[in-house]
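Open the model in your viewer and keep the selection panel handy. We will go from one stop to the next, picking out a few residues each time.

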Amino acid sequence: MTDRTSPQWTAEALLTPEGVHAFSSQVEMVFQRRRRAFRELRLEVFAELLATPIPGDNAVQGRMHAWRVARQLHVMERNAQSTITAARRLEAVYRRLYVELPQARRAKELQIARRAELTARTSADIRDAANSALAEPAEVVDVAAEPPAFDLFRNAK
């Protein structure tokens, strides 16, 4: 067992946006180096295996055998890239869910509160207008009075 001098990541460190960013950046940096190392190693191994084919192989067989061995290093390179992509996604998902979502919810609550306040104020204005209209004495209309002059055809037969 080796004594680890570097601090290990804990869940507590990943509970803040800064911690998630630091973790994601560190994972990306480490796996970028590993991805480059896998690529360099793959190219070197492929070139060496091409230069020293298995006895009895023709050119096509030698190339195929070298490719099959180097292909596994290519898979490792691709997996390192997948880890880098996952680290970037981790940060994006954390930011979207734990930073932006609560802000959006607060903004929506404020919008709903403003709308409710506006509705209450409008309904209070309508209620006040109705109450003031009811408080004023109603205009008495005389039914037997002469019809207006523009009503020429009312009594015409």
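Select Tyr98, which is exposed at a relative accessible area of 59%. Now add Tyr94, which counts as buried, with 15% relative accessibility. Tyr94 and Tyr98 both belong to helix 2, residues 59–135, and being four residues apart they are separated by about one helical turn. In an α-helix there are 3.6 residues a turn, so residues three or four places apart point the same way. This is a predicted model, and in it the rings of Tyr94 and Tyr98 make a stacked aromatic pair, 5.2 Å centre to centre with 25 degrees between the planes.

How many aromatic pairs does the structure hold? There are two. For the other, select Trp9 and Phe23: this pair is edge-to-face, with 5.2 Å centre to centre and 80 degrees between the planes. Trp9 sits in the segment before helix 1 (17–51) and Phe23 in helix 1, so the pair ties together parts 14 residues apart in sequence. Colour by accessibility and Trp9 comes out as partly exposed, at 34%.

Next, show the whole of helix 1. Its 35 residues reach 51 Å from first C-alpha to last, close to the 51 Å expected at 1.5 Å a residue. Among its buried residues are Gly19, Val20, Val27, Arg42 and Phe46. While you are on this helix, select Phe31 and Arg34: Arg34 lies over the face of Phe31, 5.3 Å from the ring centre.

Now for the charged side chains. A search of the whole structure finds five salt bridges; let us visit some of them.

Begin with Glu28 and Arg88, whose closest N and O atoms are 2.9 Å apart in a salt bridge. Glu28 is in helix 1 and Arg88 in helix 2, so this pair ties together parts 60 residues apart in sequence. Glu28 is partly exposed, with a relative accessible area of 23%, and Arg88 is partly exposed as well, at 40%.

Then centre the view on Glu77, which is buried, with a relative accessible area of 6%. Which residues are linked with Glu77 in a network of salt bridges? They are Arg39 and Arg42. The closest N and O atoms are 3.3 Å apart for Glu77 and Arg39. Glu77 is in helix 2 and Arg39 in helix 1, 38 residues apart. For Arg42 and Glu77 the closest N and O atoms are 3.4 Å apart, and this pair spans 35 residues of the chain. To finish, compare surroundings: Arg42 and Glu77 are both buried, whereas Arg39 is partly exposed, at 38%.

Definitions and conventions: Residues are numbered from 1 along each chain as its sequence is written. This is a predicted model: local features need pLDDT of at least 70, side-chain atom pairs count only at pLDDT 80 or more; totals for chains, interfaces and linings use all residues. Side-chain values use heavy atoms; hydrogens and water are left out. Rings of Phe, Tyr and Trp (its six-membered ring) pair if their centres lie within 6.5 Å; planes under 30 degrees apart count as stacked, over 60 as edge-to-face and the rest as tilted. Helices (H or I, at least four residues) and strands (E, at least two) are DSSP runs, numbered from the N terminus. Buried means under 20% relative accessible area, exposed over 50%, partly exposed in between (1.4 Å probe, protein chains only). A charge sits over a ring if NZ of Lys or CZ of Arg is within 6 Å of the ring centre and within 35 degrees of the ring normal. The expected span of a helix is 1.5 Å times one less than its number of residues. A salt bridge is a side-chain nitrogen of Lys or Arg within 4 Å of a carboxyl oxygen of Asp or Glu.
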